[in-house]
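Hi,

Here is the structure I promised to pass on. Have a look at it first, and then read my notes underneath.

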There are 2 protein chains.
Amino acid sequence: MSNPMKVVIVGGVAAGPKVAAKVIRLIPDADVTIVEKGEFLSYAGCGLPYYVSGVVKEQAELMSTPVGVIRDSVFFQKVKNVHVLNHTEATKIDRVGKRVQVRNGSNATESWLDYDKLVLATGGDPVVPSLPNVKLENIFTLHGVHDAEGIKTLLSQNKARDVVIVGGGLIGVESTEALVEKGCRVTIVEMLPQIFGMLDWEIAKLVEQHMESHGVKVLTGTKLESFEGNGKVEWVVTDQSRLSADLVIIAIGVRPNVELARDAELEIGTTGAIKVDQHMRTSDPDIYAAGDCVECHDLLTGEPCYVPLGSTANKQGRVVANNICGESDIFPGVLGSTVCKVFDYCVARTGLSEKAAVTQGYEVVTAMAPAPDKAHFMPTAKPLLLKLVVEKKSRRLLGAQATGPGSGDKRIDIAAMAITSGMTVDQLANADLCYAPPYAPAMDNIITAANVARNKLDGYMVGVSPMEVHQVLEEGADFVFLDVRSPAEYEQVRLSGTTLIPLGALRGRLNELPKDKEIVVFCKISLRGYEAALILKAAGFDKVRVMDGGIAMWPFEKESGPQ
Amino acid sequence: MSNPMKVVIVGGVAAGPKVAAKVIRLIPDADVTIVEKGEFLSYAGCGLPYYVSGVVKEQAELMSTPVGVIRDSVFFQKVKNVHVLNHTEATKIDRVGKRVQVRNGSNATESWLDYDKLVLATGGDPVVPSLPNVKLENIFTLHGVHDAEGIKTLLSQNKARDVVIVGGGLIGVESTEALVEKGCRVTIVEMLPQIFGMLDWEIAKLVEQHMESHGVKVLTGTKLESFEGNGKVEWVVTDQSRLSADLVIIAIGVRPNVELARDAELEIGTTGAIKVDQHMRTSDPDIYAAGDCVECHDLLTGEPCYVPLGSTANKQGRVVANNICGESDIFPGVLGSTVCKVFDYCVARTGLSEKAAVTQGYEVVTAMAPAPDKAHFMPTAKPLLLKLVVEKKSRRLLGAQATGPGSGDKRIDIAAMAITSGMTVDQLANADLCYAPPYAPAMDNIITAANVARNKLDGYMVGVSPMEVHQVLEEGADFVFLDVRSPAEYEQVRLSGTTLIPLGALRGRLNELPKDKEIVVFCKISLRGYEAALILKAAGFDKVRVMDGGIAMWPFEKESGPQ
């Protein structure tokens, strides 16, 4: 080529700068321009909750390289040889003429930029519901630096005593800890029956209970109706009640920015995001898209999905750059892997939840495995609750969820690798994972979980979910709810309606149990429960089921203290 | 079957109890007996260094279930319905008669136990070199509870000021932290040129430097010759010097206990451990073996190997039990995944080291990636140094090593999953791993490492190892050793013989560099180094290489402070 390739990138937050940097690395004399409507480039939006909390001290840290250099337009020009037009909006694409119209926000001038390849990295914007008085002061989203500054100011002035977070998704929940630490009374309002829709109900309930133990009010199944106030927000009105509020954070989701693409008649996917092929190419072969504005595909089901994440944006940016520069690179898809810190809990998930798998038509077996995340005799060991979702027929792992103070992120990453490579639980159970007492139990939690699934698949263990048990208890059904823990454990915490026979005594007390009634057996984690069920089965009791996850994963009320 | 199946298990530490418990779960009326020569069953030998240090307070914790029940012979009988003969040694196998001769240590009576299936879980014993005076008092191995008690007693009496650990392997290094905390002066004596033989040299050197920074003397390439002392050990004599010692821990490895198997003419593998097939069956179809007494196979190369670990023993135990009970289960092999806490460093590895891969005939590319293990703006982020070994032809990941205070165990487990499923670095680079600032950077460390490998495989980056650079520096070769960090970073720590041109200034100062000489460029982690190399290449410099891992992974001396 005699003329250097012209690459115009619309959007300068995550995917855009990644494309720019990588294109320059591959073709150093490429003519690369980033068009960014805001001032800031390449900042870590996912760090905002930690800036609000003060964990991250300076705004500048969110837009610096790991060695502390601020990634501003001068940096991009000098270091990366990338031209940056900030405060500039792309307003129109002329696909025939291969040029983009841009408007400079400072002087309102318009001009055209020619391109050989155009990249849309226009990101997403928070969804704001069109409800009465949503524009009152002190109602924020937590999307940009500007929101973070607004919230920080209120906090520093002690003007945010009552905070309502609308939406029990990632961003909402992630902000909660910071607010509680600042002394705010926080209420989460979620329309659905649970927070974290990507988790199964019982796992989400365990997270809700943890939040409530830190003083957060979680109102699920609650619909937002309006806001009230005089200039500033004072009340949040739901279909259930009126909540006092001096600060509201709306975090009900992100919507892809696709106006530019839609106006240019590029194809939009069923999720509302820009449709791209595996090469991240839009329906115009000279236009690519990446990041929060594009539709992804679910690696397992092949279905289109919209999962905006900074990690995905970065990977896609590299794929775009490789393809622009003449290589053939693909982005295979996502599993919806997610992790979130909720006070001292790590909440993480990947692949399909049980409910999503069933909706997709899979016949599944689930395994619950609560256990210490390190050798149990180490004082640093912390409880970790795992749930696996496994396809019955193929024995393949479909999904995994984790909650608790233990290292859930590690096990969910391992699960993501297993799902990506199509592993069965049998293969997973023999994975050679690292073992030493400060890092894992001899049988890693995920291996134990895989073995629980195998026991169920092979018919040795018949499980019953805590939800089903709770329902039959409520209905007053006649069955034996058998706790096989020790009296000391029983004294500490127990479920109502249970019969206590410690596992060690069970063989000698079989005559106390009726053979004609159903028996649901459990212990702390349902390992002793499983052993008890096998003893009962061998003794001729044939209606025995083990309650999944034991008392550790019981998502309803418990009794505690001496009786 | 009219008669219950008789299963005799020789060995009650890890694999043995696992087999017993699982057999009873599958066939509740099986007649299962464990023969154990010691007193204790099912104890966590790998917890001993933490018992010595006091992190684990009570010996009992090492032999308890996670809910605190001691796994003694009464427990096994009552809860598991397993008969335990402790203080009992198996002395002979009569394969034709299908019976085992046992001798009770208390009353020295001998008797025979009939079996349908026999399981050898005889474990391993620490190797003790036959050197002069090796039987002096206060020379221990760290293998059993008895050793741990002996060492603890010396420590509590302040009688172990100078400690020599013989062997720079896992057990030796794991014990070091405890001893230093108790105020001991610790010296490690290792015959090979590095500690941790399963790591590549430069990674091991980084670990050695870390130990030295905590006051541990590491003497590599040093051969033990004898011990001296009057009743108690006083001196350790090596081929280099005489070391004062009031406590010696010999940790040069573990040797499988195969006498019983060898006497019964069962096949022994090339590693000296009992040979088993994938079903964990020995050369006698009614005799199985599992745990530290058996030979494994390397999942990647198929070669026999001996990697005694509690995690492997547990997995194998389950496979043995399944096969005994009529299922068909296999143990696929190991990758030598290992993790070890060395003060505040996590040292971990899986698969083939570079040196092992080259020995095996693989043509490889390596990638070094030092980076924070969480979003760099989080105060909880800690440095993590990763090295990947990748097959050039297939682009498959062959091995990974990690060191540093960051979460290496997580990344090595991810790598183990990638290797197990035969992933290329291209696939690994797009893995959907969990991202949130408290858990990982947006581009996870292992994804960055995979991308470094891809850049090398695709010819964009030409690397040079720090060892090669160090050697040419020593030889006084004429080349430009170009540091592209900032002056502030240079002030803090630097390598000798370098030229400093910060990356941001490089494009304007190209004329200061000679085109005819080789240029080796680096920065803190060699990302800016890579960018600099691309700038130089584009400007017509064609002898440019990037030093792998930058200053963060330089295993030799550094200069620091103002010049």
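**What I found**

Strand 10 of chain A runs parallel to strand 11 (residues 185-189) of chain A, and the two are paired over five bridges. One of the residue pairs to look for is A:Val163, whose bridge partner in strand 11 of chain A is A:Val186. Strand 10 covers residues 162-166 of chain A, and four of its five residues are buried, so the rest of the structure largely encloses this strand. Before you read too much into any of this, keep in mind that the model is predicted.

Zooming out, chain A splits into four pieces by the domain assignment: domain 1 (6-45 + 58-123 + 255-324), domain 2 (139-252), domain 3 (344-457) and domain 4 (463-560). Note that domain 1 is put together from three separate stretches of the chain. If you want a feel for the distances, the centres of domain 1 of chain A and domain 4 of chain A, taken over C-alpha atoms, are 56 Å apart.

Now over to chain B, where there is a sheet you can pick out by its strand numbers. It is an open sheet of three strands, in the order 13-14-15, and the pairing is antiparallel. Strand 13 (224-230) and strand 15 (242-244) of chain B are at the edges with a single partner strand each, so each has one side without a neighbour in the sheet. On average, and ignoring direction, neighbouring strands here are turned by 30 degrees against each other. Strand 14 (residues 232-238) of chain B is joined to strand 15 of chain B by three bridges, in the antiparallel sense. For a landmark, find B:Trp235: its bridge partner in strand 15 of chain B is B:Ser244.

Then there is the contact between the two chains. How many residues does each chain put into it? Chain A gives 73 residues, and chain B gives 73 residues too. On the chain A side, helix 10 (residues 408-420) has the largest share, with nine residues. By type, the chain A side that touches chain B has 47 nonpolar, 13 polar and 13 charged residues.

Finally, the symmetry. A turn of 180 degrees, with a shift of 0.0 Å along the axis, lays chain A on chain B with an RMSD of 0.0 Å. That is the relation of a two-fold axis. Both copies use the same surface, as 99% of the contact residues of chain A recur in chain B.

Cheers

Definitions and conventions: Residues are numbered from 1 along each chain as its sequence is written. Chains are lettered from A and ligands numbered from 1 in the order in which they are written. This is a predicted model: local features need pLDDT of at least 70, side-chain atom pairs count only at pLDDT 80 or more; totals for chains, interfaces and linings use all residues. Two strands pair if DSSP finds at least two bridges between them. Axes are lines fitted to C-alpha atoms, for helices over the stretch in contact, and angles run from 0 to 180 degrees between N-to-C directions. Domain bounds come from an automatic or database domain assignment. Two residues are in contact if their C-beta atoms, placed from the backbone, lie within 7 Å. Ala, Val, Leu, Ile, Met, Phe, Trp, Tyr, Cys and Pro count as nonpolar, Asp, Glu, Lys and Arg as charged, and the others, Gly among them, as polar. Copies are superposed by least squares on the C-alpha atoms of residues with pLDDT of at least 70 in both. A residue is buried if 20 or more other C-beta atoms lie within 10 Å of its own, exposed if 12 or fewer, and partly exposed in between; C-beta atoms are placed from the backbone.
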